[in-house]
Amino acid sequence: METLIMVMMIVVGINFILKISFLRTWQFVAILLLCAVAVFVSVDWASQQSRAQISAWLAQPKLMADTAVVLSIDILLYIAFCLSEVRNLFRIKSHPKPLWQKVVRIFRRI
């Protein structure tokens, strides 16, 4: 279970770094400040949670299944984003644009 959590944290971290690497400087600073405020606000709550309580949350099959679905969708969008950027890098054009490229354009703006 701990390995799964570490893999999830690494994937989410890489995905976040990839997403913010395409932003302008002022947007990067705004997200940095927002993350700092979120950490500052939640540090007391997170430190009060016991290891047993967190393990109990992770032992719930429904919660883990929901998390797996969300992460699967996130990883699919992540892979589609990478493929789209490779296509743009090599200027590969296709008409009409595939549906996955349209979805990735929306995802990139988020």
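Me: Let me start with D66. What relative accessible area does D66 have, and how should I read it?

Reply: This is a predicted model, and in it D66 has a relative accessible area of 39%, so read it as partly exposed. The class of partly exposed sits between buried, under 20%, and exposed, over 50%.

Me: Which residue forms a salt bridge with D66?

Reply: The general idea first: side chains of opposite charge can pair when their charged atoms come close. Here the partner is K62, with the closest N and O atoms 3.4 Å apart. K62 has 61% relative accessibility, so this residue counts as exposed. Searching the whole structure turns up 1 salt bridge.

Me: Where do K62 and D66 lie, and how many residues apart are they?

Reply: Think about helix geometry: an α-helix has 3.6 residues a turn, so residues three or four places apart point the same way. In our case both K62 and D66 belong to helix α4 (residues 61–89), and they are 4 residues apart, about one turn of the helix.

Me: How do I check the length of α4, and what span should its 29 residues have?

Reply: Use 1.5 Å a residue: α4 should then span 42 Å, and the end C-alpha atoms lie 41 Å apart, which agrees.

Me: Which residues in α4 are buried?

Reply: M64, L71, D74, A80, F81, S84, E85 and R87. Notice that the list includes D74, E85 and R87. Across the protein chain, 13% of the 110 residues are buried.

Me: What happens to phi just after α4?

Reply: Look at R91 there: its phi is positive, about 55°.

Me: What about the rest of the fold: how many helices and strands does the protein chain have?

Reply: You get 5 helices and 0 strands, so to speak a plain α-α-α-α-α when read along the sequence. Of the contacts with a separation of 6 or more, 54% are between residues 24 or more positions apart.

Me: Which residues make the nonpolar surface patch?

Reply: L23, F28, V29, L32 and L33, over about 430 Å². Take F28, which is in helix α2: at 37% relative accessibility it counts as partly exposed. For the protein chain overall, about 8,900 Å² is exposed, with carbon and sulfur atoms supplying 74%.

Me: Last one. Where in the protein chain is confidence lowest, and where highest?

Reply: Where pLDDT is low, the predicted coordinates should not be read in detail. Helix α5 (residues 99–109) is lowest, with a mean of 68, while helix α2 (residues 25–48) is highest at 88. The mean for the protein chain is 79, and 87% of its residues reach 70 or more.

How values were computed. Residues numbered from 1 in each chain as written. Predicted model: local features only at pLDDT ≥ 70, side-chain atom pairs only at ≥ 80, totals over all residues. Heavy atoms only, no water. Helix = DSSP H or I, 4+ residues; strand = E, 2+ residues; numbered from the N terminus. Buried < 20%, exposed > 50% of the residue type's maximum accessible area, 1.4 Å probe, protein only. Contact = heavy atoms within 4.5 Å. Areas by Shrake-Rupley, 256 points an atom, 1.4 Å probe, with all protein chains shown as cover. Salt bridge = Lys/Arg side-chain N within 4 Å of Asp/Glu carboxyl O. Expected span 1.5 Å × (residues − 1). pLDDT = per-residue confidence, 0-100. Patch = residues over 30% accessible without salt bridge, like charges linked within 9 Å, V, L, I, M, F, W, Y side chains within 5 Å.
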